[in-house]
Amino acid sequence: MNQENSVRISISNTIRSIALNTFREAVRDRVLYNLVVFVLLITACAIFLGDLTAGQEPRVIVNLGLSAMLIFGAFISIFVGVSLVSKEIEKRTVFAIFAKPIGRGEFIVGKYLGLCLTLLINVLVMGIGVSLALWYVEGGALVGSIWGTIVLIFLQLTILTAVAILFSSFSSPALSALLAFFVFVIGNFSASLKDLATHLGSSGAKIFFGIIYYLLPNLAHFSFITNAANNETPPAAMLGGAFLYAVVYNIILISLTVLIFSRRNFK
Amino acid sequence: MSYIIEIENLTKDYEVGFWKKKKVRALDGLNLRVESGQIFGFLGGNGAGKTTTIKILMSLIFPTAGSAKILGKDISDTKIHSRIGYCPENPYFYDYLKASELMNYFGELFGFDSATRKRKTAELLTKVGLDEKDWNKQLRKFSKGMLQRVGLAQSLINDPEIVFLDEPMSGLDPIGRREIRELIAGLREKGVTVFMSTHILSDIEALCDNVAILNKGKLSATGNLNDLLQQSGERQSFEINVKGVTAEALKNEISQIPGASINSKANGANIQVLEETDIDKVLQIVREKGGTLVSIQPVKQSLEELFVAKTN
């Protein structure tokens, strides 16, 4: 007995297994069906916009395509993100999982990476869809400029997913989704928040909005859709900075989630 | 003596209420030791604290006070989970997975290679009596009994040294219960310790060596099942079923045996004796009268009474 138990259980293998299972869950729960809607939207744009937007079809396709990619992705990040952990607790699937030799931290990281993988596949397929539509309407001149922006959109979605998982580790799924949605909206207008903090008369209000500005993720770092529609590509410094910002912010959020989740009782 | 489970003063309080939190004690200073290689029955009424105890041992909830060790290691060390198995009460698994995929996934979490996972999946799903045509069916299409079988199979995937079964017979039909009873008995033969919580007293009688009875979060009795029954003033008896002879024909001779009783039944008789040594005497009388033996079984009729006495 137990000879096979001597097999070394590596943390990375455990995380990989959990991540792949989370991806499989998303696929079987038909999360990727949103791609069908997206493809229909882009196809309709490519075919019908020519008559309406006289020579502006590529710009409209980029604007519409990338914005839809962000909105669809944000919906998946928020709604699947908040249910990632809460569903496991509610359905009591965690009971059998945590009786296995895995830590709660590995579980959270695995679930998070699994959803990030789903989002990656989602934005890749959508990116290919937008590229094909651009190629169809204008021979593909704008195709090269959109992929840097797609990377920024994906990075933004990884932060939003981490936010959703953090909220769901201590509050109900509905409240978590609402809070994550607020973070998404406020995070995209964080520059306005800073201006508001600067221009307010009351010092208390200045401090309050200042704290919110620094506490919430500055998603404006990842905003480049309008520029991409004007055939601009994000500079390397912007891409590098956004990547570092996302990595650091995600590590902090996931660490907090693990800390909270490690103390939870599964009644 | 070395114990496979050592529980010291284990206490768990739950907070209930929204605004005004109130503490409810689910487990109250539990002390318990379980020797290895036996089937240990964990009894108690609803809300007695059985599932709470098992969840603490599995690190699913944290104790308010006290400590526990499994295989000599503190329960906070999740590495021991590679040596233990657990089947939760009314198990529920990822319903988008097929039974074979679930087994494969859990095998991955133990670090088994692909060939081992495949072999163990086939071996264990067969062992728990899951029809091969159901192995590749999604779990959302499974009945409660089928899920229970998958739950038992997954709890054995790592060849555990000790397995915790929370109401393992729940949802099973009579044939399923018998099969799982045989499986649990087979685990003991292989040296696996089984810690089993159940409401079904006949399963405890048939399987368990030692038991603990919980009442309102407190240990009300623990020890060898026969010793507990004897201490409670009751004795084990033996039931002998015979055919080819009537109770009327045996009545006089059987009444000579102290404590023996006889009842009539279709095509034969049912005789009860208190001592094992009286069985031979009964069989001799039956043969002399032209009857034949159908069955002999020990009857611990007092377990139900013991359970009621210790939980009231």
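A residue is taken as buried if 20 or more other C-beta atoms lie within 10 Å of its own, and as exposed if 12 or fewer do so. In this predicted model, that distinction separates the two sides of helix H10 (residues 303-311) of chain B: Leu303(B), Leu306(B) and Phe307(B) are buried. Seen down the axis of H10(B), these buried residues fall within an arc of 100 degrees, and they therefore line one face of the helix. Such spacing can be understood from helix geometry, because an α-helix has 3.6 residues a turn, so that residues three or four places apart point the same way. On the other side of H10(B), by contrast, Glu304(B) and Val308(B) are exposed. The cover over the buried residues of H10(B) includes strand E3, helix H6 (201-207), strand E9 and helix H7 (225-231) of chain B.

One of these covering elements, strand E3 (residues 39-44) of chain B, is itself largely enclosed by the rest of the structure, because six of its six residues are buried. Both of its faces are covered, with Ile39(B), Gly41(B) and Leu43(B) buried on one side and Phe40(B), Phe42(B) and Gly44(B) buried on the other. In general, strands of a sheet pair through backbone hydrogen bonds, either parallel or antiparallel. E3(B) runs parallel to strand E8 (residues 193-197) of chain B, to which four bridges join it, and within this pairing Phe40(B) stands opposite Phe195(B). E3(B) also pairs in the parallel sense with strand E9 (residues 210-215) of chain B, here over five bridges, and the bridge partner of Gly41(B) in E9(B) is Val211(B).

Antiparallel pairing is found in an open sheet of four strands of chain B, arranged in the order E12-E13-E11-E14. Its edge strands, each of which pairs on one side only, are strand E12 (261-265) and strand E14 (292-299) of chain B. Neighbouring strands of this sheet are turned by 20 degrees against each other on average, when direction is ignored. Five bridges link E12(B) to strand E13 (residues 268-273) of chain B in the antiparallel sense, and Ile262(B) has Ile271(B) in E13(B) as its bridge partner. Helix H8 (residues 247-254) of chain B packs on the sheet, where it touches E12 and E13 of chain B, and its direction makes about 175 degrees with that of E12(B).

The domain assignment divides chain B into domain 1 (3-95 + 143-230) and domain 2 (237-307), and the centres of these two domains, taken over C-alpha atoms, are separated by 37 Å. Seven residues from domain 1 of chain B and six residues from domain 2 of chain B take part in the contact. On the side of domain 1 that touches domain 2, the elements giving two or more residues are H6 and H7 of chain B, with the largest share, three residues, coming from H6(B). By class, the residues on that side of domain 1 of chain B comprise six nonpolar, no polar and one charged.

Contacts also extend between the chains, as 29 residues of chain B are in contact with 29 residues of chain A. Helix H2 (residues 99-109) of chain B provides the largest share of the side of chain B that touches chain A, namely four residues. That side of chain B has 16 nonpolar, eight polar and five charged residues.

Note on methods
Residues are numbered from 1 along each chain as its sequence is written. Chains are lettered from A and ligands numbered from 1 in the order in which they are written. This is a predicted model: local features need pLDDT of at least 70, side-chain atom pairs count only at pLDDT 80 or more; totals for chains, interfaces and linings use all residues. Two strands pair if DSSP finds at least two bridges between them. The arc is that of the directions from the helix axis to the C-beta atoms. Two residues are in contact if their C-beta atoms, placed from the backbone, lie within 7 Å. Ala, Val, Leu, Ile, Met, Phe, Trp, Tyr, Cys and Pro count as nonpolar, Asp, Glu, Lys and Arg as charged, and the others, Gly among them, as polar. Axes are lines fitted to C-alpha atoms, for helices over the stretch in contact, and angles run from 0 to 180 degrees between N-to-C directions. Domain bounds come from an automatic or database domain assignment.
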